[in-house]
Amino acid sequence: MSSPVEPADFRVMMQSLKYCVLLHDARTYEILWANRAACELLGWSVDELKPLKAPDMSKNARQYSRELGHRWLGRAVEDGVSATEWCYRSKTGEETLTEAIAIRVDLPGRTAVMVQFRDIAEEKAVRRDLFRTESRLRTFLGSLAEGIVVLDDGDRVVFASESAVRLLGDGLRGADFADYCHAGPVPAAGEGRYRFAAPGDEPRWYASTCQHIEIESDLRGRMLLFYDITDRVRAEEEHRRETQHLDHLARYNAMGDMAMAIAHEVSQPLAAAYNFVEGARGRLDAGDTSVAFGLDSAARQIERARRILGSLRSYVGRLEPSERLTDLGAIVRDCAYFIELRAQEHSVAVALDLTAEPLPVRCENVLIGQVVMNLAFNAVDEMARCPLAERRVRIATRLTADGDAELTVTDWGNGLPPGDRIFDGVFTSKENGSGIGLALSHRIITRHGGRIDATPNRPHGAVFRFTLPAGA
C-alpha cells in the first residue's frame, strides 16, 4: 500500500505550479505567502512581498486601486470565490495583465484568500485581433455586391450573408432555396447563370459559383456565391437583337446592290438577244443564210444572261450568317465582278493588288464582302466626278506587322471632309446618299474584332482601310 501524501509534498507541488499563487490573510488582506511562479513574475521574494500593499504591486490606474482590490478579495471571503482582471506591476515596473481568481481557504489556524493568476496579455491581444478581424469580415461581407448562402443536403439555407439577404429578402435564412430558383434547378456544382427571386418577386439573373465547404462541424454544405448580372444579360440580348438587325440591314443593302447589277448587266444581253431574234425573223422569208448566225448569237446572249443570274443566285444563297475560316483575297475576288460593273458604268479603272499568299480570317464572308463592295463603290462613285484620265481606284491586301489581314481602297478624289464622323451614319458625299453604308461597314468590322478607318491620300484623295484578326 502506497504511503499518503505528506504536507511537505503539497508545498513542493505548489512550488511546481505554472500558475502564480498569492496567499492573503482573509481579514487584513496582507500577503502571507507566494509560490515560485508568482515571485518570478513579480520579481520579489516572499519576504519582499509580505509588506507590500496593492498600490506597490499594481498598475497605477483607478480600476486597480487598493479599495477595489480589497472589495474583490472581500467578495471571495463572503462568497467563496471571486474572479477579475488585475494588472500587476513587477519590481522592475513591468506591468502584466492577468486573469485572477480569489478563493477563500479555511486553514486550521486562520481563514485565508488564495489568489491564482496568469498572464493573459497575449491572449487579450489575440482576442482583440480576432474581434477586429471578425468586425472587418462582417463589414466586408455586408458591403459585398455578391451574395453568399450555404445550403444543407435538403437545399435549406443554413447561412446567408447580409448581402444575400439584401439581394433576395429577409426571409432567406432558413428557407428552402428551391423556392427562390425561378424555372430552374438549385445550383449543384460549378458555375452557371440562374434566375433567383423571393417568392412573388420579379426574378433577376445571377451568375453563381457553387462548391462544397465543411468548417469543422459547425458549417457544412454547398456554398453559393452569386451576383446580379441582369443588366449584363439585358445588354447581351440587346446586342443580339442589334446584331440580327445589322445582319438584316447588310443583307438588304447587298440585295439592293445586286438588283442594280442585274438591271445594268442583264438588260444588255437580253436587248441584244431580242435584236438578233428580230433580225432573224425578218430574214426567214427571204431565205437568208445568216438566220442561223443570228439565232446562234441570240442563244449566246441569253446564255450570258443565264450565267449572270446564276452568279447572283449563288451569291444570295450565301446570305445566311455563317462564320468560317476563309481567305480575304478570295472574298475580294468574289466581289471584283460586281465592282467592275460599277466601275465600267463610270469609266473608272480598278486595279487589284492582292497578296499571292492567302490571308486567312474567320468571318462571315457575305458581310465582309459587303464591306469590300461598300468601300469600292464609294471610291468608284467619288472618282466618277473627276476628269476621265484621272479615274482610277486601287484595292490592295497585305499582312500587317501584327499578323492581321488588311484591305485598303484608295482613290484620288476630293479627299475626306473635316471632322471624324465618317462612320457614324451621317457622312456621305453622294447627292442622294444616306451614309448608311459606311456606318454598316464600321459595325460589321468591329463586330468581327477588327478596325476600320480613313486617312487622306496625299496629295489628294482618300484611303479607306480595315484590318481583321488573323484566323486560326
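Is leucine 367 buried or exposed? At 1% relative accessibility, leucine 367 counts as buried. The views below come from a predicted model, and we will return to this leucine in one of them.

**View 1. The protein chain as a whole combines twelve helices with 17 strands.** Before zooming in, here is some background. The chain has 472 residues, and 39% of them count as buried. Take the contacts in the protein chain with a separation of 6 or more: 53% of these are accounted for by residues 24 or more positions apart.

**View 2. Helices H10 and H11 pack against each other at an angle of about 40°.** H10 covers residues 328-345 and H11 covers residues 365-383. Two packed helices are described by the angle between their axes and the distance between the axes. For this pair, the axes are 9 Å apart. With such an angle, H10 and H11 are therefore oblique to each other, and their crossing is right-handed. Have a look at the side chains where they meet: H10 brings residues including Leu328, Ile331, Val332, Cys335 and Phe338, while H11 brings residues including Ile368, Val372, Met373, Ala376 and Val380.

**View 3. Leucine 328 belongs to helix H10 and is buried.** Its relative accessibility is 0%, so leucine 328 counts as buried. Which residues does leucine 328 touch, not counting those up to four places away in sequence? They are Leu359, Val361, Ile368, Thr397, Ala405, Glu406, Leu407 and Phe466. One of these, valine 361, is 33 residues apart from leucine 328 along the chain, yet their C-alpha atoms are separated by 6.5 Å.

**View 4. Leucine 367 sits in helix H11.** This is the residue from the opening question, buried at 1% relative accessibility. Along the chain, leucine 367 and leucine 440 are 73 residues apart. In space, the C-alpha atoms of these two leucines are separated by 9.6 Å.

**View 5. Two arginines place their charge over aromatic rings.** In one example, arginine 342 lies over the face of phenylalanine 377, at 4.2 Å from the ring centre. Both residues also appear where the helices of View 2 meet, with Arg342 in H10 and Phe377 in H11. In the other example, the charged end of arginine 392 sits over the ring of tryptophan 412, 3.8 Å from the centre of that ring.

**View 6. Six aromatic residues gather in one cluster: Phe177, Tyr180, Tyr194, Phe196, Tyr206 and Phe226.** A pair of aromatic rings is described by the distance of the centres and the angle of the planes. The model has ten aromatic pairs. Among them is the pair of tyrosine 194 and phenylalanine 196, which is stacked, with 5.9 Å from centre to centre and 10° between the planes. Both tyrosine 194 and phenylalanine 196 are buried.

**View 7. Glycine 192 lies in strand S8, which spans residues 190-196.** Is this glycine buried or partly exposed? At 23% relative accessibility, glycine 192 counts as partly exposed. Leaving aside neighbours within four places in sequence, glycine 192 is in contact with Tyr206, Ala207 and Ser208. The first name in that list is familiar from View 6, as Tyr206 is part of the aromatic cluster. Glycine 192 and tyrosine 206 are 14 residues apart in sequence and 8.4 Å apart in space, C-alpha to C-alpha.

Methods: Residues are numbered from 1 along each chain as its sequence is written. This is a predicted model: local features need pLDDT of at least 70, side-chain atom pairs count only at pLDDT 80 or more; totals for chains, interfaces and linings use all residues. Side-chain values use heavy atoms; hydrogens and water are left out. Rings of Phe, Tyr and Trp (its six-membered ring) pair if their centres lie within 6.5 Å; planes under 30 degrees apart count as stacked, over 60 as edge-to-face and the rest as tilted. Buried means under 20% relative accessible area, exposed over 50%, partly exposed in between (1.4 Å probe, protein chains only). A charge sits over a ring if NZ of Lys or CZ of Arg is within 6 Å of the ring centre and within 35 degrees of the ring normal. Axes are lines fitted to C-alpha atoms, for helices over the stretch in contact, and angles run from 0 to 180 degrees between N-to-C directions. Helices (H or I, at least four residues) and strands (E, at least two) are DSSP runs, numbered from the N terminus. Angles under 35 degrees count as roughly parallel, over 145 as roughly antiparallel, 65 to 115 as roughly perpendicular and the rest as oblique. A crossing is left-handed if the near helix is turned anticlockwise from the far one by less than a right angle, and right-handed if clockwise. Contact means heavy atoms within 4.5 Å.
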